[in-house]
Amino acid sequence: GLPKALSAVLSVTILIALLFAIGYIMYNQVLSLTGEFGLIEQRIQEIIISINQFVEQHIEGVIPIPIGDLQQSIFDYLSGNIANITQGAISTITSLTILLIFPVYIFLFLYYRHFLFRFVLMVFAEHNREKVKQVAQQVQEIVQNYIVGMFIVILILAVLYTALLYGLGIRHAIFFALFAALLNVIPYVGPFIGATLPITFALFTKDSLVYPVVIFAAFYVIQSIEGNFLTPKITGKKVSMNPFMTIVALFIGNFIWGLAGMILFIPGMAILKVIFDVIPGMEPYGFLLGTNKKGSNKPVDKLVIKDRINQLRGRLKKFRKSKESNKDD
């Protein structure tokens, strides 16, 4: 109900505010996390000493792990990478290209979306425009379901992970929870990486192995619920692809656009599947991207059936016209 320009400005403003808030929280948490290196270093030393004692008592002829060299190499690597990550985050946030062009691009895309859609319709012949409208509606539904659904899923996971880690007394619980929830947008790989970080931190900062084991079990249960219940119910099954093509999309997206490509290529390939399923001759490629489960292509099948019905109606009209002209003769 708002004017087109005002609605686009509000959308861009809300998006920038949300990204800035997430970036600010993550940046401060990373800086705070670097202060834990002393405690982690001490914990690693204790773990190595315990391993060496076990080896000396039970295994003959094995050289103990050199604590000094291993410890120094680990922390040189961690310190160097944390510095690189921090510098990269600062340079990305302060980049004028991202700060200026990105919001303008989104605003113009939103403002001219109807104009772009009319252009797409004009590209195709008139008898195909009804099919183009149906495909565009299907694509719009997929993208909206994916974006809104993933936002809700990330919010739910962040709350669950935060409650879990706070309950176990893990420091920087908000950082680990938000990090794991955000990585959930990357299928298969993201949840694994998101769980590894808090498990490793608990292993190095807690005196008992119970904490990392409990975190592993709890993350496994939460991610199972998310994969089998939350995501299918909230985002719908229209974005689902088979695991092989999902991994291929992740590799290609990472090669082209890095992390952003890994996130964007999943809904992008789902859109391609919708298009392939309705273009004659491209159906095999739509089949390749799909899950090959019953009901996975129902929305597309409806479009194809409706198109065939329209073709039959057109032929029937031509037949009736020719019959009426024969009667007049």
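Here a biologist quizzes a modeller about a predicted model of a protein chain.

Biologist: What is the mean pLDDT of the protein chain, and which helices have the lowest and the highest?

Modeller: The mean pLDDT is 76, and 74% of the residues reach 70 or more. Helix 3 (residues 67-93) has the lowest mean among the elements, 54, while helix 7 (residues 173-182) has the highest, 88. Over residues 295-300 the value is below 50, though this stretch still has eight contacts in the model beyond near neighbours in sequence.

Biologist: Why is L100 called exposed?

Modeller: Let's put the value next to the cut-off. Exposed means over 50% relative accessible area. L100 has 52%, so L100 counts as exposed. L100 lies in helix 4.

Biologist: Which residues join L100 in the nonpolar patch on the surface?

Modeller: I101, V104, Y105, L108, F109, Y112, F115 and L116, and together with L100 they have about 910 Å² of accessible area. Helix 4 (96-111) and helix 5 (113-123) each give two or more residues to the patch. Helix 4 provides the largest share, six residues.

Biologist: How do you know that D277 and K273 form a salt bridge?

Modeller: The nitrogen-to-oxygen distance settles that one. The cut-off is within 4 Å, and these two side chains come to 2.7 Å, N to O, so the pair qualifies. A search of the whole structure finds one salt bridge. Both residues lie in helix 11, four residues apart, which is about one turn of the helix.

Biologist: What makes D277 and K273 buried or exposed?

Modeller: Buried means under 20% relative accessible area. D277 has 11%, so D277 is buried. K273 has 7%, so K273 is buried too. As a general point, side chains of opposite charge can pair when their charged atoms come close.

Biologist: Which residues touch the most other members of the largest nonpolar core?

Modeller: Out of 42 residues, those are Y161, L165, I170, F176, I215 and F219. Helix 1 (4-34), helix 6 (129-167), helix 7, helix 8 (189-205), helix 9 (210-235), helix 10 (243-257) and helix 11 (259-278) each supply at least two residues. The largest share, nine residues, comes from helix 6.

Biologist: What is Y161 in contact with, leaving aside its neighbours within four places in sequence?

Modeller: Y161 is in contact with A177, A180, A181, F219, I222 and Q223. There's also a second, separate core of six residues, which includes V135, V139, V274 and V278.

Conventions:
Residues are numbered from 1 along each chain as its sequence is written. This is a predicted model: local features need pLDDT of at least 70, side-chain atom pairs count only at pLDDT 80 or more; totals for chains, interfaces and linings use all residues. Side-chain values use heavy atoms; hydrogens and water are left out. Patches are made of residues with over 30% relative accessible area and no salt bridge: like charges are joined within 9 Å, nonpolar side chains (Val, Leu, Ile, Met, Phe, Trp, Tyr) within 5 Å. Accessible areas come from the Shrake-Rupley method with a 1.4 Å probe; for residues, only the protein chains shown count as cover. Buried means under 20% relative accessible area, exposed over 50%, partly exposed in between (1.4 Å probe, protein chains only). pLDDT is the predictor's confidence in each residue, from 0 to 100. Contact means heavy atoms within 4.5 Å. A nonpolar core is a set of buried Ala, Val, Leu, Ile, Met, Phe, Trp, Tyr and Cys residues joined through side-chain atoms within 4.5 Å.
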